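Visitor: I'd like a close look at one part of this protein, with some context around it. Could you walk me through it slowly?

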Amino acid sequence: MARVRSRSTSLRELDQSPRRMVPGRRFAAAGAIAAASVLALAPAARAEDQIPTVPAPAGSDSAVSAVKDPFEGFNRASFKFGMGLDRVLFSPIAHGYMAVTPRVVRNRVSSAVYNLGEPNTVMNHVLQGRPKRAMRSTTRFIVNSTVGVLGLFDVAAKMHLPPRGADFGQTLGVWGAGPGAYLYAPGMGPLNVRDGVGRALDIATDPVSIFVGGFSTDFGKARTGVTIVDLRAQTDPAFHALEDAADPYVTTRSAYAQYREAFIREATGEAEDLPDFDSPPPSPPPAASKP
């Protein structure tokens, strides 16, 4: 009998490839770019691991119904502005990049961008009390920065060290902070109060940025530019999906809330309690032989 492939199967596969994103993150990242947020792009790229968009545990509020949007009028106006800016600026740049750059090269660029975010990931794993994850991310950074040629190749993943991201928004959630009101601010993209604070901390404490002297250096400017183009290219399917959505604003808000909820549940271990649908069902006990 053919095995039934479930949601968890695809998530496991996604976890082995840092360049592929679940739909929730794609929409969230698309919303960030739509806000023309340079500040939001760096942590967004760092958070490029594969977090399962799993159902909420029984008895908890659903992500959609739990979203508080008291500033919806302002948020919608910001979202509309961001989408318009994307159409005239970011989309043409990303499509030009995709037209002249083979996919294999774009994948290498994505890996290098992700690798630069590993030190921030290590820091958040430590703050969350996850020493094993911190050690794994540290090893990933060392291996991929050396053997992997400055992160161009994810050698660590082939050594059974798949990526597992973390950011300050997740850390605050692990510490018990609630999401607060949903916001779509110009220059920040989709977020909530908790993630807004976390995003600011991600930028202020980024080890790589501090090491090279900040975003104003040549390296900082180049990194920001490459991150913008890379992230916009990766999220292009999500932008096309938003064009078909009945209400793109609500779609983005819902996807962002679900993605962040799953991201925090994964860090607290709730998502790990899901059944492993990859395992074959237990065999029924043999029927008793008739006398």
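Which residues are linked with Asp69 in a network of salt bridges?

Guide: Keep in mind that this is a predicted model. The network of salt bridges links Asp69 with Glu72, Arg76, Asp247 and Arg253. Several of these names come back when you look at how two helices pack. Glu72 and Arg76 belong to the H5 side of a contact, along with Asn75 and Phe79. Across from them, H15 brings in Arg253 together with Pro248, Tyr249, Val250 and Thr252. Helix H5 covers residues 72-100, and its axis passes 10 Å from that of H15, at an angle of about 105°. That angle makes H5 roughly perpendicular to H15.

Now follow H15 along to Arg260. Arg260 is buried, since its relative accessible area is 6%, under the 20% cut-off for that label. Arg260 takes part in a salt bridge with Asp167, where the closest N and O atoms are 3.0 Å apart. Asp167 sits in the loop between H9 and helix H10 (168-174), while Arg260 is in helix H15 (residues 248-268), so this pair ties together parts that are 93 residues apart in sequence. Asp167 is buried, as is Arg260.

Arg260 has another salt bridge to look at, with the side chain of Asp195, at 3.1 Å from N to O. Asp195 lies in helix H11 (residues 193-204) and Arg260 in H15, so here the parts tied together are 65 residues apart in sequence. Asp195 counts as buried because its relative accessible area is 4%. If you put Arg260 in the middle of your view, then, you can trace one salt bridge to Asp167 and one to Asp195.

While you're around H11, have a look at Ala177 as well. Ala177 is in the loop between H10 and strand S1 (182-185). Leaving out residues up to four places away in sequence, Ala177 touches Leu172 and Arg194. The C-alpha atoms of Ala177 and Val193 are 9.8 Å apart, with their positions 16 residues apart along the chain. With a relative accessible area of 33%, Ala177 is partly exposed.

Next, go back to H5 by way of Asp236. Asp236 is a residue of helix H14, and it touches His95 and Met98, again not counting residues up to four places away in sequence. The C-alpha atoms of Asp236 and His95 are separated by 8.6 Å, although these two residues are 141 apart along the chain. A relative accessibility of 7% is why Asp236 counts as buried.

Asp236 also takes part in a helix-helix contact. Helix H13 (residues 218-234) packs with helix H14 (residues 236-244) at an angle of about 50°, and their axes are 4 Å apart. That makes H13 oblique to H14. On the H13 side the contact is made by Arg232, Ala233 and Gln234, and on the H14 side by Asp236, Pro237 and Phe239.

Another salt bridge worth a stop joins Arg140 and Asp154, whose closest N and O atoms are 3.1 Å apart. Arg140 is in helix H8 and Asp154 in the loop between H8 and H9, so the pair ties together parts 14 residues apart in sequence. Both Arg140 and Asp154 are buried.

From there, turn to Phe153, which is found in the loop between helix H8 (131-146) and helix H9 (155-158). Phe153 has a relative accessibility of 41%, so it counts as partly exposed. Together with Val149, Leu150 and Leu152, Phe153 forms a nonpolar patch on the surface, and the accessible area of these residues together is about 370 Å².

To finish, zoom out to the whole chain. The protein chain has 15 helices and 2 strands, and the count of salt bridges comes to 15. Of its 291 residues, 48% are buried. Among contacts with a separation of 6 or more, 78% are between residues 24 or more positions apart. The accessible surface of the chain is about 14300 Å², and carbon and sulfur atoms account for 67% of that area. For a last look, return to the network where we began, with Asp69, Glu72, Arg76, Asp247 and Arg253 linked by salt bridges.

Terms used: Residues numbered from 1 in each chain as written. Predicted model: local features only at pLDDT ≥ 70, side-chain atom pairs only at ≥ 80, totals over all residues. Heavy atoms only, no water. Patch = residues over 30% accessible without salt bridge, like charges linked within 9 Å, V, L, I, M, F, W, Y side chains within 5 Å. Areas by Shrake-Rupley, 256 points an atom, 1.4 Å probe, with all protein chains shown as cover. Salt bridge = Lys/Arg side-chain N within 4 Å of Asp/Glu carboxyl O. Buried < 20%, exposed > 50% of the residue type's maximum accessible area, 1.4 Å probe, protein only. Axes fitted to C-alpha atoms, helices over the stretch in contact; angles between N-to-C directions. Parallel < 35°, antiparallel > 145°, perpendicular 65-115°, else oblique. Contact = heavy atoms within 4.5 Å.
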